[in-house]
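Please examine the sequence and the three-dimensional structure shown below. The paragraphs that follow lead through selected features of the backbone, the interior, the sheet and a pocket.

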Amino acid sequence: ILEQPVLLPTFSLVCQGLFAQASEDCLPKELALRLYTQHRKLRGSVTRFEGFQACPFRHFAKYGLRLREREEYRFDAPDLGVLLHATLADFGRQLQKEKRRWRDINREECHTLCTQIVTALAPRLQNEILLSTAQAKNQLLRITKAAENSIQRLIAFDAVSDFQPMAFECSFSSAPSAVMPPLLFAMENGYQLEVSGQIDRIDLYNTHFLIIDYKTGQAAINLLEVYYGLRLQLLTYLLVARNLLMQQEGEAPLPAGMLYCFLKNPILSANHRLSEGEARQLLKKKLQMPGWVLADPAVIREIDHSISFLKLSISAKTGNIMNTKTNRACMKTPQDFAVLLDYISWILADTGKKILDGEIAAQPYRIGEEKACTYCAFQVLCGFDLMVPGYGYRSLVNHEDAELMDTMELKGKGAI
């Protein structure tokens, strides 16, 4: 075979299959700088840097090679998220303009306003896709109902909360239209990391502020994912909001918490036929807002007098917040929030450094059964195969929260 040049390419290809191994996992630094930076700045949203921590190769494929899935003319989950986010933002701005609180809106007015807003927004999505067919128009009616239900829950939340919305879709970037400047971090050789994004909602009461992030899917936060850089969004928003309020108020405000708010109608299941009251209670429980709040009972009550909208357990006898492990994981002291915000600054800068160092290894994370590859669009490209030498998951080791906090404090201070 070796003496027949015409067969050498085929022979070489066969050998590659027989003796395959993981490809190079690093770009030359000069090439990485050319691929990722513009005017000596590495720019991106928090989602971009979370994606790098999930798998460096995924980041390389999306932002280095700039690969994109073929666009299709259809209404997908991201389009639903855009429409619902915009509807709630427009609804909130309308009330701000009229100097009214959400609790002042009755059900009939909510329906009218919501319908008007969705009707105005729908034609802007994908060349009027929601108006293109009778089926699409029926889907628009269901989306309008979902938006109305979400607003009704936020109206009920406002009725038991002292906090009031001060900003909606608050953008931070270098764009002229942005409300706030981007987060900037100095890097080696005069380069900078520029982090941009948009905060769905900032609430304020006295000296405390609250971040609310709307979600159409599942969402939760835990220290392990924060530590490994997989869940940075809420804390980054908290950092940006603190900087904004510090400029406006002249002193550092205190975070009351950061919460996910679900914009969806979940499917209920039970082993028996539910009464209307039982269904309402189960629905309310499924839509409780997960996240972290300040470990101060008075502030928690200011966020939610009833403690029914927060994902916290309360005693049926006393109505007080129970001292359970789950509750403790959801409550952070002012010192904890300070440590977490310092750590977010550190890990964003460290992630930027790794990107510019050229890391592109196909090393997806794994936590238990959860894997970065599950919904990855680039699986056919990376060649990741556990049967091939050199490939393997980056298994993330769990630790106690106290141990994670200690390590994050040291890294945030630059001690390690």
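Glu-128 is partly exposed, as its relative accessible area is 43%. The structure is a predicted model, and the values for this residue, like the others given here, are computed from it. Glu-128 belongs to the loop that lies between helix 6 (107–121) and helix 7. Its phi angle is near 60 degrees, a positive value in a residue other than glycine.

A positive phi is also found at Asn-206, where the angle is near 55 degrees and the residue is again not a glycine. Asn-206 sits in the loop between strand 5 (192–205) and strand 6 (208–215). With a relative accessibility of 60%, Asn-206 counts as exposed, since the term applies over 50%.

From these loops the account turns to the interior. The largest nonpolar core comprises 126 residues, and those with the most contacts inside it are Ile-199, Ile-211, Ile-303 and Met-408. Helix 13 (residues 334–356) gives the most to this core, supplying ten residues. The surroundings of Ile-211 can be followed in detail. When its neighbours within four places in sequence are left aside, Ile-211 is in contact with Ile-199, Arg-201 and Ile-202, with Leu-234, Tyr-237, Leu-238 and Ala-241, and with Gly-257, Met-258 and Leu-259.

Helix 3 (residues 46–54) offers another view of burial. Eight of its nine residues are buried, so the helix is largely enclosed by the rest of the structure. The buried residues are Val-46, Arg-48, Phe-49, Glu-50, Gly-51, Phe-52, Gln-53 and Ala-54, a list that includes the charged side chains of Arg-48 and Glu-50.

The cysteines come next. How many disulfides does a search of the whole structure find? The search finds zero. Cys-55 is in no disulfide, and the nearest cysteine sulfur, which belongs to Cys-376, is 6.4 Å away; a disulfide would need the two sulfur atoms within 2.5 Å. Cys-55 is buried, with a relative accessible area of 9%. For Cys-261, the closest cysteine sulfur is that of Cys-110, at 13 Å, which is too far for a bond. Cys-261 is likewise buried, its relative accessible area being 7%.

A sheet provides the next feature. Strands of a sheet pair through backbone hydrogen bonds, in either a parallel or an antiparallel manner. Here three strands form an open sheet in the order 11-10-12, with mixed pairing. Strand 11 (370–371) and strand 12 (394–395) stand at the edges with a single partner strand each, so one side of each has no neighbour in the sheet. Strand 10 (residues 365–367) and strand 11 run antiparallel and are joined by two bridges. Within this pairing, Arg-366 stands opposite Lys-371 in strand 11.

The last feature is the second largest pocket, which holds about 570 Å³ of space. It is lined by 22 residues, of which Asn-149, Arg-153, Arg-280, Leu-283 and Leu-287 are the closest to its centre. Helix 7 (134–159), strand 7 (254–262) and helix 10 (276–286) each supply at least two residues of this lining. Which element gives the most to the lining of the second largest pocket? Helix 7 does, with seven residues. Helix 7 thereby links the pocket to the start of this account, where Glu-128 was placed in the loop between helix 6 and helix 7.

Key:
Residues are numbered from 1 along each chain as its sequence is written. This is a predicted model: local features need pLDDT of at least 70, side-chain atom pairs count only at pLDDT 80 or more; totals for chains, interfaces and linings use all residues. Side-chain values use heavy atoms; hydrogens and water are left out. Buried means under 20% relative accessible area, exposed over 50%, partly exposed in between (1.4 Å probe, protein chains only). Helices (H or I, at least four residues) and strands (E, at least two) are DSSP runs, numbered from the N terminus. Two strands pair if DSSP finds at least two bridges between them. A nonpolar core is a set of buried Ala, Val, Leu, Ile, Met, Phe, Trp, Tyr and Cys residues joined through side-chain atoms within 4.5 Å. Contact means heavy atoms within 4.5 Å. On a 1 Å grid over the protein atoms alone, a cavity is a set of points where a 1.4 Å probe fits but cannot get out, and a pocket is an open set with protein on both sides within 12 Å along at least five of seven lines; lining residues have an atom within 4 Å of a point. Grid points are joined across faces, edges and corners, and a volume is the space filled by probe spheres set on the points.
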